[in-house]
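Colleague: I'd like to learn how to read a model like this one. Can we go through it together?

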Amino acid sequence: LISECTAAFLRRYPHVTVSLCHDLYSNQPFPYDLYISSAPGGIACQSRVLLTEDILLAVPREHRLALRQNVSLQDLSGESFVLLPQNNSAHRIAVEHCRRSGFEPITVIRCDDPCQVRYYVSQGLGVTFSPAISWKNLWDTNRVALLPINAAGLSRTSLICWRSGEHLSPAASVFRDFAAAYFAALPAE
């Protein structure tokens with residue numbers, strides 16, 4: 001969704017240059033005007049909510065849970081998981097909920113590429129947690145079933161953030177407002 005939002009912004013403002021970075025977990029100083037995250041991560045910032053979405057379970061179509069209408073976290077104990085890195089917000093939120101339910105997810109593949117996570121699940125190598133809106137149209141639904149999880153608070157909120165007390169460039173201010181409007185106009189799950 002960030003890529004789609006950025007493309008729409010650049011179609012409207014073609015003379016703006018955008019630099020994107022997908023790895024804010026290094027120890028480098030933060031060099032950008034804005035960042036989008038569910039966890040501001042120690043930077044003093046102001047923020048706006050862009051999106052709150054449920055976390056779903058993605059399972060291969062032949063999986064024992066695939067025909068269920070929904071699952072509980074307890075249903076997932078003992079499952080093989082394909083997971084994003086620990087610093088990913090969807091991963092962190094879902095694993096914390098599993099731990100509160102009394103089990104540690106068994107990770108068979110940890111991969112930093114969301115496309116590959118989706119591929120491995122579609123190949124029957126495990127199950128994963130999936131953001132309901134931002135990954136909505138990215139699954140091969142002939143090979144993967146997406147199931148709601150019965151767990152209060154199993155959701156992720158994404159924010160657009162900027163450093164407190166720093167002046168934003170006109171382009172960054174316009175992008176911040178554009179992104180907020182773009183995400184507000186998204187259809188609900």
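Modeller: Sure. Helices (H or I, at least four residues) and strands (E, at least two) are DSSP runs, numbered from the N terminus. Residues are numbered from 1 along each chain as its sequence is written. This is a predicted model, where local features need pLDDT of at least 70, side-chain atom pairs count only at pLDDT 80 or more, totals for chains, interfaces and linings use all residues, and side-chain values use heavy atoms, with hydrogens and water left out.

Colleague: In what pattern do the helices and strands follow each other along the sequence?

Modeller: Going along the sequence, you read α-β-β-β-β-α-β-α-β-β-β-β-α. That makes four helices and nine strands.

Colleague: And how do I judge the overall packing?

Modeller: Start with the radius of gyration, taken over C-alpha atoms, and set it against the globule rule, 2.2 Å times the number of residues to the power 0.38. Here the radius is 18 Å and the rule gives 16 Å for 189 residues; the two are close, so the chain is as compact as a globular protein of that length. The C-alpha trace spans about 55 × 30 × 25 Å along its principal axes.

Colleague: What share of the residues is buried?

Modeller: Buried means under 20% relative accessible area, exposed over 50%, and partly exposed in between (1.4 Å probe, protein chains only). In this chain, 41% of the 189 residues are buried.

Colleague: Let's try that on a helix. Which residues of H4 are buried?

Modeller: A general idea first: an α-helix has 3.6 residues a turn, so residues three or four places apart point the same way. In H4 the buried ones are Ala172, Phe175, Arg176, Phe178, Ala179, Ala180 and Phe183. They pack against helix H1 (2–12), strand E2 (45–60) and strand E9 (155–163).

Colleague: Now single residues. Is Ser72 buried or exposed?

Modeller: Ser72 sits in strand E3 (residues 71–72). Its relative accessible area is 18%, so Ser72 is buried. Contact means heavy atoms within 4.5 Å. Setting aside neighbours within four places in sequence, Ser72 is in contact with Ile149 and Asn150.

Colleague: Where does Cys21 lie?

Modeller: Cys21 is in the loop between H1 and strand E1 (35–37). With 36% relative accessibility, Cys21 counts as partly exposed. From Cys21 to Ala94 it is 73 residues in sequence and 24 Å in space, C-alpha to C-alpha.
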